[in-house]
Amino acid sequence: MIEYLFVWELEKLKASLYPKKTAVLLGENVQLRCETSTGATYHWILNGTRLESDQYRVMNPLGMLTIYGLAEEDLGEYVCVAQSEAGFSASHAMVDAGGKK
């Protein structure tokens with residue numbers, strides 16, 4: 001009798017955040033897009049603090065963060081953390097002010 005053992009190796013998760021650096025006028029809207037090679041769940045960090053969706057920052061389940069009416073407190077380093085069965089991965093981007101609207 002022949003027995004078979006099948007082993008599936010999960011593709012390693014890799015997150016990419018776009019754009020990597022952007023300068024936006026204060027008061028304008030900005031979108032950051034986190035992409036992975038496999039399905040994942042996402043959360044966002046700004047300057048070391050985990051973000052929650054509210055009326056100004058909207059996160060969708062496909063990895064998009066939209067900031068409405070960019071304010072001074074929205075400036076800095078954003079980190080997208082993606083997590084799936086294959087593990088987790090993080091990618092970084094900077095949002096700077098390019099002046100006032």
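Which residue stands opposite Arg 33 in β7? The answer is Met 64, and this pair is a good place to start a walk through the structure, which is a predicted model.

**The sheet**

Arg 33 and Met 64 face each other across two strands. Strand β3, covering residues 30-36, is joined to β7 by four bridges, and the two run antiparallel. They belong to an open sheet of four strands, ordered β1-β3-β7-β6 with antiparallel pairing. β1 (15-18) and β6 each have a single partner strand because they stand at the edges, so one side of each is left without a neighbour in the sheet. From one strand to the next, the twist averages 15°.

**Arg 57, a residue of the edge strand**

Let's look at β6 a little more closely, since Arg 57 lies in this strand. Is Arg 57 buried or exposed? With a relative accessible area of 15%, it falls under the 20% cut-off and is therefore buried. Its side chain makes a polar contact of 2.6 Å with the side chain of Asp 74. Leaving aside residues up to four places away in sequence, Arg 57 touches Leu 46, Leu 51, Glu 52, Leu 65, Thr 66, Ile 67, Glu 73 and Asp 74.

**Three loop residues**

Some further points of interest sit in the loops, and their places are gathered here.

| Residue | Loop between |
|---|---|
| Pro 19 | β1 and β2 (21-26) |
| Asn 47 | β4 (41-46) and β5 (49-50) |
| Pro 61 | β6 (57-59) and β7 (64-67) |

Pro 19 comes with a backbone feature worth a glance: the peptide bond joining Tyr 18 to Pro 19 is cis, with omega about -15°.

Asn 47 has its own backbone feature. Its phi is near 50°, a positive value in a residue other than glycine. Asn 47 counts as partly exposed because its relative accessibility is 46%.

Pro 61 is found in the loop that links β6 to β7. How accessible is Pro 61, and so how does it count? Its relative accessibility is 68%, so Pro 61 counts as exposed. Even so, Pro 61 has partners farther along the chain: it touches Ala 40 and Tyr 42, not counting residues up to four places away in sequence. The C-alpha atoms of Pro 61 and Thr 41 are separated by 6.7 Å, although these residues are 20 apart along the chain.

Conventions:
Residues are numbered from 1 along each chain as its sequence is written. This is a predicted model: local features need pLDDT of at least 70, side-chain atom pairs count only at pLDDT 80 or more; totals for chains, interfaces and linings use all residues. Side-chain values use heavy atoms; hydrogens and water are left out. Buried means under 20% relative accessible area, exposed over 50%, partly exposed in between (1.4 Å probe, protein chains only). Contact means heavy atoms within 4.5 Å. Two strands pair if DSSP finds at least two bridges between them. Axes are lines fitted to C-alpha atoms, for helices over the stretch in contact, and angles run from 0 to 180 degrees between N-to-C directions. A polar contact is a pair of N or O atoms within 3.5 Å; within protein, one must be able to donate a hydrogen and the other to accept it, and residues adjacent in sequence count only if both atoms are side-chain atoms.
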